[in-house]
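Subject: The model, and what turned up in it

Hi,

Here is the structure I promised to pass on. Have a look at it first, and then read my notes underneath.

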Amino acid sequence: MKIVALASALLLAAAGAAAAADALGSETAPPAETAPYNWTGTYIGVQLGYGTGSGEGAYLLPGGARIETAFPEAKGALLGGQVGYNYQWGSVVLGLEGELSYSWADGTSDIRAFPSGAGPVAINENEFDYLGSITGRLGYAMDRTLFYAKGGVGFTKLSMSDIPNGGGFNASGSEALTGWTVGAGVEHALNDKWTIRGEYQFYRFDANLAVDEPAPFRVYDDDFDIHAVKIGLNYKF
């Protein structure tokens, strides 16, 4: 009887040990720690936005005399793309980016007598055909979220047509403009390859646009500013 009791005790002890081992083996292992996101690399993407452009400046006769003031305005949708490269050092991200968008921005605006401001004496029909930039970027990364500022060179093409108050057509002209731009935005990594972003960008151009088709008529000689808001989707290589 003592031997049977001892054997029974040993079997029970062995069964308990096996059950404990099974229980330990069946516990879920703790998840592996996820590595921080790395923003370093080349990317390419698409963007959709909206831009508003405006100016106020001298509207000169061909000889240079100022008798009027023009107020060019244009607003509309933007659609384009961007390509760039980021390098991350700690939480700091440095980058270089080029972007270009087709623009549907257009509008009409008054032309008024100078210096009295009387009028309108005529109207302008305005549009900017594209909007682009080459900028450096400086950002601060919080893992998968990047806050950044940007600045550099901006590009656009401004077109103007002069229309008499009674209708008809006086002249038109266009000029490719180069200026400066600054902006800021936030970008978020959806996974290791895809990111989304939203940003605001300001552009200033110094125009000297001759309204000279079919013959010299006026020159718009002043600034033209554009404000743009954009959302984008990037693929990182």
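Below is what I found, going from charged pairs to rings to the nonpolar cores. Keep in mind as you read that this is a predicted model.

**Salt bridges**

The count comes to 12 salt bridges. A good place to start is Lys-150, whose side chain meets that of Glu-97 at 3.1 Å, N to O. That pair links distant parts of the chain, with Lys-150 in strand β7 (residues 145–164) and Glu-97 in strand β5 (residues 92–113), 53 residues apart. Lys-150 also makes a salt bridge with Glu-99, at 2.9 Å from N to O. Here too the link runs from β7 to β5, and the partners are 51 residues apart.

Are these charged residues buried or exposed? Lys-150 has 5% relative accessibility, so Lys-150 counts as buried, the cut-off being under 20%. Glu-97 is buried at 2%, and Glu-99 is buried at 7%.

Another pair to look at is Asp-225 with Arg-204, a salt bridge of 2.7 Å, N to O. Asp-225 is in strand β10 (residues 218–236) and Arg-204 is in strand β9 (residues 194–211), so this bridge ties together parts that are 21 residues apart in sequence. The two ends have their own settings: Asp-225 counts as buried at 14% relative accessibility, whereas Arg-204 counts as partly exposed at 30%.

Back to Lys-150 for a moment. Salt bridges with shared partners join Glu-97, Glu-99, Lys-150, Arg-197, Glu-199 and Lys-230 into one network.

**Aromatic rings**

A search of the whole structure turns up 7 aromatic pairs. One of them is Tyr-102 with Trp-104, which is edge-to-face, with 4.7 Å between the centres and 80° between the planes. Tyr-102 is partly exposed, at 47% relative accessibility, and Trp-104 is partly exposed with a relative accessible area of 47%.

Tyr-203 and Phe-205 make another ring pair. Their planes are at 10° and their centres 6.2 Å apart, so this pair is stacked. Both Tyr-203 and Phe-205 are buried. There is also a cluster, in which ring pairs link Trp-194, Tyr-235 and Phe-237.

Two arginines sit over rings as well. The charged end of Arg-137 is over the ring of Tyr-148, 4.3 Å from its centre. Arg-218 lies over the face of Phe-217, at 4.3 Å from the ring centre.

**Nonpolar cores**

In soluble globular proteins, nonpolar side chains tend to be buried together. In this model, the largest nonpolar core has 22 residues. Those with the most contacts inside this core are Tyr-59, Phe-128, Leu-131, Met-160, Tyr-220 and Ile-226. Which elements give two or more residues to this core? They are β4 (73–89), β5, β6 (122–142), β7, β8 (171–189), β9 and β10. The biggest share comes from β9, which gives 5 residues.

If you want one residue to click on, try Tyr-220. Leaving aside neighbours within four places in sequence, the contacts of Tyr-220 include Gly-55, Tyr-59, Pro-72, Met-160 and Leu-209.

A second, separate core has 7 residues, among them Tyr-37, Trp-39, Tyr-148 and Ala-189. You have already met Tyr-148 as the ring under the charged end of Arg-137.

Happy browsing!

Definitions and conventions
Residues numbered from 1 in each chain as written. Predicted model: local features only at pLDDT ≥ 70, side-chain atom pairs only at ≥ 80, totals over all residues. Heavy atoms only, no water. Salt bridge = Lys/Arg side-chain N within 4 Å of Asp/Glu carboxyl O. Helix = DSSP H or I, 4+ residues; strand = E, 2+ residues; numbered from the N terminus. Buried < 20%, exposed > 50% of the residue type's maximum accessible area, 1.4 Å probe, protein only. Phe/Tyr/Trp six-rings, centres within 6.5 Å; stacked < 30°, edge-to-face > 60°. Lys NZ or Arg CZ within 6 Å of the ring centre and 35° of its normal. Core = buried A, V, L, I, M, F, W, Y, C linked by side-chain atoms within 4.5 Å. Contact = heavy atoms within 4.5 Å.
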